[in-house]
Amino acid sequence: MRLTHAPVPGSVVGMLALTVLVETRVLPLAAVRSAADFLVRYIALLFVPAGVAIVVYGAVLRQSLVAIIVAAVLSLVAVLVVVGRVAQHLEGDA
């Protein structure tokens with residue numbers, strides 16, 4: 001984000017803000033329900049650009065497949081560890 005110089009995309013900050021507003025009932029769920037229903041109904045269309053990119057850049061993906069798999073597995077493990085530790089902390093078991 002340019003405003004805060006944080007290395008977090010604006011879309012992530014926006015989703016966090018939306019979640020906080022809905023959970024604290026500052027923003028009623030009814031206010032976002034129709035937009036959410038619309039996005040869920042047409043979510044498959046959002047994956048079309050990714051599918052096209054896989055087809056177009058297939059050769060590059062094949063060359064980098066090992067690195068991609070290693071990065072995906074390492075990030076999966078990192079996310080599982082962090083989420084597990086946060087859950088333990090929040091439950092008071094840490």
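A residue is counted as buried when its relative accessible area is under 20%. By this criterion, 2% of the 94 residues of the protein are buried in the predicted model. The exposed surface of the protein amounts to about 8200 Å², and 74% of this area comes from carbon and sulfur atoms.

The overall dimensions were examined next. The radius of gyration of the protein is 19 Å, whereas a value near 12 Å would apply to a compact globule of 94 residues. The C-alpha trace extends over about 50 × 40 × 30 Å along the principal axes.

The secondary structure of the protein consists of 6 helices and 0 strands, and the order of elements from the N terminus is α-α-α-α-α-α. Helix α1 covers residues 10-23. Its 14 residues should span 20 Å at 1.5 Å a residue, and the C-alpha atoms at its ends are 20 Å apart, so the two values agree. R25, just after α1, adopts a positive phi of about 60°.

Helix α2 is formed by the 13 residues 29-41. The distance from its first C-alpha to its last is 18 Å, close to the expected 18 Å at 1.5 Å a residue. Helix α2 also contains a kink of about 25°, with its centre at A35.

Confidence was assessed for the protein and for its elements. The average pLDDT of the protein is 89, and 93% of the residues reach a score of at least 70. Confidence is highest in helix α6 (residues 65-91), with a mean of 94, and lowest in helix α3 (residues 43-46), with a mean of 88.

Technical notes
Residues are numbered from 1 along each chain as its sequence is written. This is a predicted model: local features need pLDDT of at least 70, side-chain atom pairs count only at pLDDT 80 or more; totals for chains, interfaces and linings use all residues. Side-chain values use heavy atoms; hydrogens and water are left out. pLDDT is the predictor's confidence in each residue, from 0 to 100. Helices (H or I, at least four residues) and strands (E, at least two) are DSSP runs, numbered from the N terminus. The expected span of a helix is 1.5 Å times one less than its number of residues. The bend at a residue is the angle between axes fitted to the seven residues ending there and the seven starting there. The radius of gyration is taken over C-alpha atoms; the globule rule is 2.2 Å times the number of residues to the power 0.38. Buried means under 20% relative accessible area, exposed over 50%, partly exposed in between (1.4 Å probe, protein chains only). Accessible areas come from the Shrake-Rupley method with a 1.4 Å probe; for residues, only the protein chains shown count as cover.
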